[in-house]
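User: I'd like to learn how to read domains, chain contacts and helix packing in a model like this one. Can you walk me through it?

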Amino acid sequence: MRLALAIASFVVLIVHGLVFHDQFFHRWERHQTAYFEQARSLSKNPRERAELEARAPHIEQIIVTSFGDTRVDRCVTCHIAADDPRFAGMAEPLKTHPYSAALGDVQRNGHWERRHKFSDFGCTVCHEGQGRGLDNFHSHGEDEFWPEPMLGYVTQANWRKDFEPHLKGAAYMEAACAQCHTQQDFAGTPHVNRGRKLFYAMNCYGCHKIDGISEGTLGPDLTEAGKKFKIDYLWESIVEPRANLDTSFMPNFHLGNDDVEALVIFLKSRRGVNFAETTLDRYKAHIENVAVVIPPGTAGEKAGEQLLADRACTACHKLRDRDGGIAPDLSYEGLIRDDAWLMEHFKNPRSRIPDSIMPTFRFPDEDFERLSAFLGSLKTPPAPAAADVTYQQLCERCHGEKGDGAGKVAWYIDPSPRDFTKQGFMSSKPRDRFVTSIKEGVPGTSMPPWGRTLKDDQVDGVLNYVLKTFAKIDAPSPKQHNVPDHNPVATSDASVSRGEKIFLERCTGCHGRKADGKGPNSLDIFPHPRNLRNHWFVAKVEDRRLFDSILYGVQGTAMPSWIDYGLSKEDAGDIINFIRGINPSARSEQPHASN
Amino acid sequence: MSTAPDTTIWTTLKELPSNVWSSIFRNPLPNTDLERSSTSFTNFFLHIHPVKVHRNTLRPIYTLGLGLISLFLFLILVVTGVLLMFYYVPSTTQAYDRMLDLRGTVAFGIFLRNMHRWSAHGMVAMVFLHMCRVFLTGAYKKPREFNWVIGVLLLLVTLFLSFTGYLLPWDQLAYWAITVGTSIAAYAPLIGKQMQFVLLGDTTVGQEALLRFYVLHVAVLPAVLVLLAAIHFWRIRKDGGLSRPQPAEAAAKPMVYKKVVYGLQGFVRGPFTKVGNVPDDSVYSWPNLLLSELFVFVLTVSVILVVSLLFNAPLEQPVNVMHPPNPAKAPWYFLGLQEMVSYSAFWGGIGIPGLMVALLLGVPYLDRNPKGVGRWFAKERLLANTLFLTLVTLNVIFIIIGTFFRGPNWTFVSPF
């Protein structure tokens with residue numbers, strides 16, 4: 001017992017010794033002692049030598065009050081020679097902070113004078129890091145929990161190794177410079193300026209909001225990006241938009257490293273209200289920016305073109321050489337859509353394409369009219385060309401290079417573009433239907449009426465090309481099923497409710513309880529089940545096709561042949577009455593549903 | 001006595017040290033049993049002890065010293081806590097900066113904080129283990145029922161103390177742990193939301209919450225804990241010392257008879273005082289008990305010191321209300337609750353824990369089987385011990401799952 005007591009007491013004693021050693025012998029004291037010694041040997045002035053002799057190490061700090069929250073910068077505890085020009089050639093931490101004309105330092109009588117005096121600015125205003133710390137790990141911001149590691153000097157242990165080499169370099173400090181030097185062409189911040197230009201040029205502003213710069217609402221607000229995110233995260237978000245959020249629909253812009261760096265530095269400089277402005281400045285800038293400036297005297301088409309650029313429509317859409325890679329091509333909009341369609345679409349994108357993901361923008365009507373006028377003027381049809389070229393020009397963006405319905409924008413289009421490589425589907429539908437779809441488009445979907453840009457022989461050519469190249473069939477050979485052309489079951493409340501009952505029993509697994517095509521199984525099914533509340537589509541489809549699809553299935557899709565599962569023609573008729581009954585345009589034609 | 005003291009200056013000075021000493025300590029180091037009794041009895045700090053204690057009390061394997069360790073951890077917490085209070089400011093704008101100063105600049109700051117942090121975690125664990133010890137040795141049985149109840153209350157106060165302290169560094173860890181913890185409280189029926197509001201002084205964790213938690217942490221709860229602990233210790237003696245097995249045969253040991261007079265002790269005659277025809281199986285507190293206590297104290301202090309030297313208390317980034325970590329986790333001792341909450345908010349957060357506490361409080365009144373006291377895992381208590389261990393194991397498993405196996409969005413992840 002007594003031995004154990006003695007051992008435990010000994011441990012307490014030892015630990016106390018260690019703790020006292022740890023707490024009383026600091027590395028910074030060694031640095032300071034070294035500084036005093038070296039300075040004494042460098043000094044030619046006996047009074048200064050005597051002063052240095054008398055100096056004992058203690059914590060040095062600069063309290064900075066002029067730049068935002070009060071900062072306590074103890075960096076000079078180790079970097080005690082930062083302002084001593086004699087130490088220019090020494091090694092860190094006892095090294096003079098470089099003087100540079102680019103930073104505004106001036107030479108007077110052979111002595112440099114700093115423009116940014118440490119006594120006013122401290123250190124972390126420009127370098128970031130943690131001013132209160134007294135050891136490298138914490139004060140340089142190597143601690144992964146510290147939100148502001150030293151800009152361009154320190155990378156934290158949990159940062160991605162493949163980005164690390166890009167994240168070092170004095171250029172990153174420009175983000176701090178820009179807190180005061182906010183002029184857009186300030187010579188000292190070339191990367192910030194370039195990043196700002198890229199922010200416009202790459203259409204970032206279409207989706208992202210930065211107070212005083214842009215008003216986008218689709219992506220995250222970046223007003224305080226520089227405060228919230230570390231450069232590692234910013235870099236990752238630009239080069240791999242889905243790294244943090246699987247469902248992000250931000251495009252990968254495939255920028256070069258220099259551009260990414262400029263954007264990261266620009267974003268790092270966005271920290272809400274910066275030192276140079278007041279909250280009132282910010283508000284004024286906001287007011288000015290909300291109204292897009294149309295040069296006076298510009299009207300109609302021209303104004304629309306300007307708006308289209310200002311509102312970054314091409315951040316998603318394609319127009320001429322600009323392609324956002326998310327939404328349909330606008331190049332032939334004047335041919336394929338009319339004014340009414342465009343206006344309705346602007347005011348509510350889902351009014352014409354019920355599953356469109358386009359946001360509803362709340363611009364003034366006047367702006368929508370200008371945009372319509374401009375788009376309506378785009379009436380130049382594509383130059384006549386061979387079928388495969390036409391396919392590349394008009395179809396490939398949605399239906400894909402291989403015709404498999406996986407074009408670059410397909411992911412964002414609902415219903416999905418048709419997969420032509422599904423032979424079962426392509427061979428089981430009459431040729432007429434394909435021709436109609438191409439010429440007249442498919443209402444309620446993103447398939448436009450190409451008949452207004454292509455001549456009949458061109459349409460035939462493209463269709464033949466598709467059948468031969470992708471479906472690998474010569475011609476469709478649909479089976480003739482015995483289905484009625486018109487629904488023989490009279491529309492009545494009884495029929496509709498019978499139809500609803502069958503629908504709820506048989507169809508909701510895929511088409512959903514609301515018949516919107518979003519049933520529990522729908523996610524795993526390609527193409528996704530049809531949205532039966534897409535009234536544009538439902539109104540267009542004839543009874544015959546509905547009977548055929550319900551009773552004999554749709555080849556190449558998950559829709560089974562329900563006649564095999566015991567549905568009769570009458571059942572199908574009831575279902576069709578039910579489907580037509582839940583779609584508003586059908587309602588006006590069918591007296592029973594209007595009550 | 002009759003001779004007047006020699007009052008010459010020289011003698012006065014010469015005898016000054018010994019006079020001061022003997023005025024403070026009435027007894028010299030004891031040599032006889034009478035003096036040993038007297039030492040315990042006349043010293044303010046020592047007279048919390050009985051003059052003699054039963055041998056069973058001193059068996060390390062019986063108590064494992066868990067109660068004492070809890071007490072000593074509390075003392076360490078009070079001392080380090082008071083020192084930390086000199087530097088801490090309960091303000092959302094200053095608290096985190098103060099943490100940085102404590103870590104980087106204040107002499108011994110980081111060490112004090114480490115000791116405080118690890119002692120707090122240790123105290124929660126030790127109080128819990130102490131409860132397990134008391135249950136598994138059947139020590140809560142008559143006449144110690146009420147002391148068990150106080151013990152359960154002490155456990156709750158300890159948990160709450162640790163919980164309130166968790167917020168004070170005002171870093172992400174603190175902020176979101178308290179957000180989660182107080183949200184669990186909000187699931188209580190009827191008064192849940194109000195309770196959360198009273199606790200936070202707001203609908204979210206903010207300046208008001210920080211101030212409230214601070215006051216609770218440094219003033220209210222320690223006071224409550226000291227009071228309850230005082231009653232807890234007092235009751236130990238009034239209930240006849242620590243529990244022990246029934247003596248096997250009555251007459252084997254020497255007896256102490258009524259004729260022996262112990263001064264005031266003679267009046268202290270509950271059913272369990274040793275004055276009477278009870279076999280005397282006890283030893284003098286001085287030095288036996290005292291030495292054991294000293295050993296436990298030094299051991300506790302040395303472990304805490306070593307741990308504090310090796311591991312720094314966590315300090316994450318400053319609070320960012322817009323950026324919850326994913327997952328946001330409560331302090332480890334509430335992770336069992338959070339894990340259960342992920343299955344059912346009400347049952348996991350309020351129902352089951354409430355039931356558990358009620359059960360714990362009621363245990364001595366429900367389990368009235370008088371057998372099996374004073375022995376670990378007594379056969380007569382097979383059912384009770386099994387039930388208890390099952391619940392404890394379940395809770396521990398939930399805590400382990402919550403701590404190590406839960407990733408973003410509370411999905412199951414493997415820590416390996």
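Analyst: Sure, and keep in mind that this is a predicted model. Let's start with domain spacing: taken over C-alpha atoms, the centres of domain 1 of chain B and domain 2 of chain B are separated by 38 Å.

User: Which residues go into those two domains of chain B?

Analyst: Domain bounds come from an automatic or database assignment. Here, domain 1 of chain B is written as 51-244 + 286-410, and domain 2 covers 246-280.

User: And how is chain A divided?

Analyst: Its assignment lists domain 1 (27-138), domain 2 (164-282), domain 3 (300-376), domain 4 (387-471) and domain 5 (493-594). For domains 3 and 5 of chain A, the C-alpha centres are 32 Å apart.

User: How many residues are in contact between chains A and B?

Analyst: A contact here means C-beta atoms within 7 Å. On that basis, 21 residues of chain A meet 23 residues of chain B. On the chain A side, helix α1 (residues 2-24) contributes the most, with 10 residues. That side has 14 nonpolar, 5 polar and 2 charged residues.

User: What about helix packing: at what angle do α12 and α14 of chain B pack?

Analyst: Angles of 65 to 115 degrees count as roughly perpendicular. Helix α12 (residues 332-341) of chain B packs on helix α14 (residues 382-404) of chain B at about 90 degrees, with the axes 7 Å apart, so α12(B) is roughly perpendicular to α14(B).

User: Which residues make that contact?

Analyst: Among them are Trp332(B), Leu335(B) and Met340(B) from α12(B), and Phe398(B), Ile399(B) and Ile401(B) from α14(B). By class, the contact has 6 nonpolar, 5 polar and 1 charged residues.

Conventions:
Residues are numbered from 1 along each chain as its sequence is written. Chains are lettered from A and ligands numbered from 1 in the order in which they are written. This is a predicted model: local features need pLDDT of at least 70, side-chain atom pairs count only at pLDDT 80 or more; totals for chains, interfaces and linings use all residues. Two residues are in contact if their C-beta atoms, placed from the backbone, lie within 7 Å. Helices (H or I, at least four residues) and strands (E, at least two) are DSSP runs, numbered from the N terminus. Ala, Val, Leu, Ile, Met, Phe, Trp, Tyr, Cys and Pro count as nonpolar, Asp, Glu, Lys and Arg as charged, and the others, Gly among them, as polar. Axes are lines fitted to C-alpha atoms, for helices over the stretch in contact, and angles run from 0 to 180 degrees between N-to-C directions. Angles under 35 degrees count as roughly parallel, over 145 as roughly antiparallel, 65 to 115 as roughly perpendicular and the rest as oblique.
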